Structures are given as C-alpha cells and as structure tokens.
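Reader: I am new to this structure. Please show it, and then let me ask how its descriptions are justified.

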Amino acid sequence: MSKIGIACDHAGYEMKEFLVGFLDAMGFEVLDFGTHSPESVDYADFGHPLAAAIESGELERGIGLCGSGEGMAMTLNKHQGIRAGLCWNSEVAALIRQHNNANVIVFPARFISNDEAVAMLDLFLNTPFEGGRHQNRIDKMACK
C-alpha cells in the first residue's frame with residue numbers, strides 16, 4: 001500500500017474529502033493534514049505540515065488544495081525539498097511529473113470538478129519522471 005498526504009483550506013475541503021475517499025478506495029494510506037471542516041482557515045497552516053512530512057521522508061508525494069491553488073502552491077514551494085505544481089488540466093499534470101519530478105500536485109478547487117481532479121491525480125501518480133536534461137534543470141532550482 002502506498003502513502004500519500006493531502007492538505008487544504010476551507011475552499012478545498014469538499015474536494016479533499018472526495019479525494020480522500022477515492023484514494024482510500026484505490027488502496028492508498030492517506031495522511032490527512034486538514035482542514036477538517038469548511039470553516040474559514042489559512043492554507044499555510046495545513047500546507048507547511050504536508051511539506052514537512054515529504055521533506056522528512058515520511059511521505060513521497062502529496063496533494064494540496066485551496067480556492068485558486070496559488071496560495072497552497074506558494075506555501076509548499078517555500079520548502080527546499082518540495083516541487084509543487086499547480087494543475088488546471090491533464091497535460092500540465094503529466095508535465096509536472098515528466099519534466100519537473102513534482103512531488104506535490106496542487107488543485108484550484110473552485111475552478112475544477114472532482115472528475116477533472118481525479119483524471120489529473122491519476123496522471124500525477126502514474127507518470128514517470130523523464131530525467132536527463134530535466135534533472136539538470138531541477139538541480140538548478142535549489143537555493144544556494
């Protein structure tokens with residue numbers, strides 16, 4: 001069984017709950033970093049713990065959600081070991097894995113459907129990293 005983490009704010013709560021059920025049915029062990037209700041919260045309070053779990057090696061990959069996806073992606077990408085990609089369509093979901101070896105997919109919950117999220121998540125989970133010239137580019141991402 002694979003483990004995956006998930007984190008959201010209030011705007012992503014309903015989609016997160018849907019995705020947790022989907023992932024459970026697929027046999028994943030889901031670490032849910034919250035939020036756990038639709039009450040207004042700050043995405044950073046949930047994104048930072050998800051990022052820390054990936055950086056520590058507890059998890060290999062994660063899912064982040066907020067209304068536009070932007071705040072969650074910005075928060076996650078503050079962490080040195082995170083490569084979070086904001087996805088609006090399936091092509092981008094495949095490319096963040098193929099070219100960027102993304103370890104977190106971020107969804108704009110107010111702008112996509114559950115079906116679109118599932119299609120993108122499937123690509124994120126099953127698309128391999130191409131390596132090669134893309135690894136050179138990833139190596140240059142780190143702050144020195």
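Reader: What makes a side chain count as positive or negative here, and how many of each are there?

Author: Lys and Arg count as positive, Asp and Glu as negative; His and the chain ends are not counted. By that rule the protein chain has 11 positive and 19 negative side chains. The centres of the two sets lie 13 Å apart. Each charge is placed at NZ of Lys, CZ of Arg, CG of Asp or CD of Glu.

Reader: What kind of model is this, and which atoms are used?

Author: The model is predicted: local features need pLDDT of at least 70, side-chain atom pairs count only at pLDDT 80 or more, and totals for chains, interfaces and linings use all residues. Residues are numbered from 1 along each chain as its sequence is written, and side-chain values use heavy atoms, leaving out hydrogens and water.

Reader: Why does the radius of gyration agree with a compact globule?

Author: The radius is taken over C-alpha atoms, and the globule rule is 2.2 Å times the number of residues to the power 0.38. For 144 residues, a compact globule would have a radius near 15 Å; the protein chain has 14 Å, so the value agrees.

Reader: Why is Glu-91 called buried, exposed or partly exposed?

Author: Buried means under 20% relative accessible area, exposed over 50%, and partly exposed in between (1.4 Å probe, protein chains only). Glu-91 has 60% relative accessibility, so Glu-91 counts as exposed. Its place is in helix α4. Helices (H or I, at least four residues) and strands (E, at least two) are DSSP runs, numbered from the N terminus. Across the protein chain, buried residues make up 47% of the 144 residues.

Reader: What makes a set of residues a nonpolar core, and how many residues has the largest?

Author: A nonpolar core is a set of buried Ala, Val, Leu, Ile, Met, Phe, Trp, Tyr and Cys residues joined through side-chain atoms within 4.5 Å. The largest has 25 residues. Ile-105 and Leu-121 are among those with the most contacts inside it. Elements giving two or more residues to this core include β1 (3-8) and α5 (114-126). A second, separate core of 16 residues includes Val-104 and Val-106.

Reader: Which residues does Ile-105 touch?

Author: Contact means heavy atoms within 4.5 Å. Not counting residues up to four places away in sequence, Ile-105 touches residues including Ile-63, Ala-93 and Leu-121.

Reader: What makes Asn-101 and the bond from Gly-34 to Thr-35 worth a look?

Author: Most residues other than glycine have a negative phi, and most peptide bonds are trans. Asn-101 is not a glycine, but has a positive phi of about 50 degrees. The peptide bond from Gly-34 to Thr-35 is cis, with omega near 10 degrees.
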